[in-house]
Structure formats: C-alpha cells, structure tokens
Amino acid sequence: MSTSETQKRKYAIGVVGTGEEGTALINKLTQLGHDVCIAHAGSPEALKGLEKQTQAKPKETAEVAKEADLLFLSIPMKEVQNLPKELTDTCPKNCIIVDVCNYFPSRDGKIKEIEDGMPESVWVSKQLGKPVIKALNTILTECLENCGRPKNASDRIAVPISGDDPTAKNMIVELVDSMGFDAYDAGDLALSWRLQPGSPVYGTNLDLKQLIPSLSRANKEAMPRLRDEAYRKMTESDKHLNWQEMVKMLRETFEDQEKELGKSELNKSSATSGGQQNQQQTQQQAASETQA
Ligand SMILES: NC(=O)c1ccc[n+]([C@@H]2O[C@H](COP(=O)([O-])OP(=O)(O)OC[C@H]3O[C@@H](n4cnc5c(N)ncnc54)[C@H](OP(=O)(O)O)[C@@H]3O)[C@@H](O)[C@H]2O)c1
C-alpha cells in the first residue's frame with residue numbers, strides 16, 4: 001500500500017493514557033480523522049471533557065482496544081504491569097500495539113530487568129505477552145502537537161521507530177508521516193535501547209540527516225546517567241522549562257557527555273596507544289548494529 005493510500009485509510013485506534021502525551025496523541029489522531037477510543041486510570045465519565053474536545057470515545061481500559069487496528073500505550077512505564085489482561089486478550093489478533101512509554105526510575109521506581117539492561121520496550125512486550133512497536137517516545141508532547149510539517153519541509157523532525165514486524169512497522173512509519181514527521185526505521189526491538197531517554201535522539205528534535213548518525217552515537221553505559229540527569233533538570237527546575245528550553249537542555253546534556261568521553265578516550269589513547277582504535281571500533285560496531 002502506498003503512503004498516500006495509507007494516509008487516507010482511517011484506523012480504529014485505542015489510546016490508554018490521557019495525560020500530557022496521550023492528549024497530544026488523541027488530538028493529533030482525531031484531527032487526522034481516525035476513530036479513537038480512550039481510557040485512563042480513572043473512570044470513562046471523567047473523560048467527558050476530552051470527548052467533547054476531540055470526539056474520541058471514553059471506554060474502560062479493558063474495553064478500549066476491542067475493535068482496534070492500533071493500540072497506543074501512553075502511561076508511566078511501571079503501570080504497564082498493572083494493565084488489565086482483558087485489554088490485550090480481547091483486542092483483535094492483528095492489532096498493532098505501539099509503546100510510547102519511557103522509563104524514569106525516579107518516577108517509575110526501579111524495574112530490575114530494565115536496570116539490568118533489557119530494552120524498555122522488550123520489557124513492555126514481555127509484560128503484555130504481545131509484540132510491540134516502539135514509536136513517538138522520543139518526541140516531547142508540545143512538539144508532537146505543534147511541530148508537524150509537510151513532507152520535505154526543511155524543519156521536519158524525524159522520529160525513530162523500532163520493532164520486529166516489518167508490516168506493522170511500515171504502518172506506523174506511514175501514520176507518523178501523516179502526522180507531519182519523518183519516520184525512520186531504527187531496526188528490531190532489541191535495538192530500541194537507542195531510542196530511550198539518555199540517547200542523543202531523545203527529545204532533541206533532530207531532522208532525518210542528523211537522526212541517523214545520532215542513533216549510532218547512543219552510549220548504552222552512559223544513558224542511564226544522562227537520563228537521570230535530564231529528568232532532574234526537567235522536574236527540579238524552579239522555573240518550568242518550555243519545550244524549546246527542554247530540547248536545548250537535552251542536546252547540551254548529551255553533548256557535554258560526549259566532550260567528557262572524548263577527553264577520557266584521549267587520555268586512554270595516550271596511556272595505551274590503543275584507545276583511539278578502540279573508539280573507532282566501537283563506533284563501527286554501533287553503526288553495523290544499527291543497520292542490522
Ligand atoms: N510528556 C511527554 O513529553 C512525553 C513524551 C514522550 C513519551 N512520554 C511517555 O508517555 C507516557 C505518559 O506520559 P505523560 O507525560 O502523558 O504522563 P501523565 O501526564 O502523567 O499521564 C499518565 C496517564 O496514564 C494514565 N494511567 C496511569 N496508570 C494507568 C493504568 N494503570 N491504566 C490506565 N491508565 C493509566 C493516567 O490516568 P489518569 O488520567 O486517570 O491519572 C494518565 O492519563 C510516559 O511513559 C512518558 O514517559 C511522555
């Protein structure tokens with residue numbers, strides 16, 4: 001199916017989570033003419049205002065994806081394990097589950113498997129017992145809502161997507177494109193750690209040319225520290241950061257770390273004379289892992 005055909009196709013979509021990110025998503029999807037059902041932790045009655053604003057239909061969480069082509073999860077990551085089993089048991093067999101969630105231990109508490117290195121969306125998939133596509137977790141709410149641009153616009157933001165099912169991934173790539181963003185297939189779910197907070201692609205509004213090399217610059221060891229540092233700056237700041245300040249802060253947090261790493265690699269190479277070669281090997285390995 002071509003992009004224009006898919007963009008014309010209207011999906012039945014369930015969205016769980018009607019907070020900041022969920023609401024931006026619901027606005028966007030309903031504006032595109034999709035048939036959207038919504039659920040949150042509270043009662044469906046509490047979503048009457050959002051229904052009025054968007055025409056999305058409030059449901060119980062267990063019921064929200066009963067007829068859905070797509071199910072978006074936009075809730076704190078720790079809550080994935082508390083979702084009712086009926087949600088995924090009763091959704092159609094071919095329903096594509098899209099994981100928009102991110103893990104922040106200061107908010108979610110520590111999740112041992114993720115702390116031990118399991119990619120967040122692999123953990124989500126395990127909790128649900130279903131495959132998932134990771135998408136839209138890298139874009140901040142305000143940008144999702146307001147920064148969509150027509151195809152080929154010079155300031156179009158790129159959004160990486162991971163998952164194991166190429167057909168499902170294509171559908172999400174095209175849906176994201178219809179929202180006004182360049183979607184980039186960043187490989188299998190096992191590689192989706194490159195999309196997590198602490199990566200240079202998280203919240204930094206890169207275009208496609210910048211996004212592709214940045215995925216291979218993600219540093220798995222440094223990411224938890226960078227994620228926690230960014231979360232602290234996002235939440236402890238006495239003045240609320242607007243999205244432009246947030247994007248700047250996230251870019252700087254990563255760049256500062258790269259400068260630090262550059263320094264230590266330099267020190268290592270002068271001490272062992274093999275340091276620079278190791279760094280090149282690491283970069284090549286990262287690039288081939290991303291392409292795989
Ligand atoms: N904010 C962003 O810029 C952004 C960007 C990309 C990704 N994300 C990720 O998206 C997710 C949601 O973020 P947010 O900022 O929208 O959070 P939020 O404003 O705190 O909203 C969380 C939503 O999840 C619902 N929820 C919590 N537990 C639930 C459960 N067990 N069953 C059903 N619904 C449940 C809440 O229900 P109630 O309404 O009843 O409280 C609320 O609607 C997070 O994982 C976040 O990291 C956020």
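Here's a quick briefing on the ligand shell, the main nonpolar core and one buried tyrosine. Keep in mind that this is a predicted model. The ligand has 24 residues around it, while the largest nonpolar core counts 73 residues. Tyr103, picked out at the end, sits in a loop and is buried.

**Around the ligand**
- Gly19, His40, Ala41, Cys101 and Asn102 are the residues that come nearest to the ligand, out of the 24 around it.
- Sorted by class, the shell holds 12 polar, 9 nonpolar and 3 charged residues.
- Helix α2, covering residues 20-31, supplies the largest share of that shell, with 3 residues.

**The largest nonpolar core**
- Within this 73-residue core, the members touching the most other members are Leu71, Leu73, Val98, Val159, Ile172 and Val176.
- Helix α9 (residues 166-178) gives the core its largest share, namely 6 residues.
- As background, nonpolar side chains in soluble globular proteins tend to be buried together.
- Setting aside neighbours within four places in sequence, Leu71 makes contact with Gly14, Ala65, Cys91, Cys95, Ile97 and Val98.

**Tyr103**
- You'll find Tyr103 in the loop that runs between β5 (96-99) and α5 (105-108).
- Tyr103 counts as buried because 24 other C-beta atoms lie within 10 Å, and the cut-off for that label is 20 or more.
- Not counting residues up to four places away in sequence, Tyr103 touches Met77, Asp108, Ile111, Ile114 and Glu120.
- Arg227 is 124 residues from Tyr103 in sequence, yet their C-alpha atoms are 9.1 Å apart in space.

Definitions and conventions:
Residues are numbered from 1 along each chain as its sequence is written. This is a predicted model: local features need pLDDT of at least 70, side-chain atom pairs count only at pLDDT 80 or more; totals for chains, interfaces and linings use all residues. A residue is near a molecule or strand if its C-beta atom, placed from the backbone, lies within 6 Å of it. Helices (H or I, at least four residues) and strands (E, at least two) are DSSP runs, numbered from the N terminus. Ala, Val, Leu, Ile, Met, Phe, Trp, Tyr, Cys and Pro count as nonpolar, Asp, Glu, Lys and Arg as charged, and the others, Gly among them, as polar. A nonpolar core is a set of buried Ala, Val, Leu, Ile, Met, Phe, Trp, Tyr and Cys residues joined through C-beta atoms within 7 Å. A residue is buried if 20 or more other C-beta atoms lie within 10 Å of its own, exposed if 12 or fewer, and partly exposed in between; C-beta atoms are placed from the backbone. Two residues are in contact if their C-beta atoms, placed from the backbone, lie within 7 Å.
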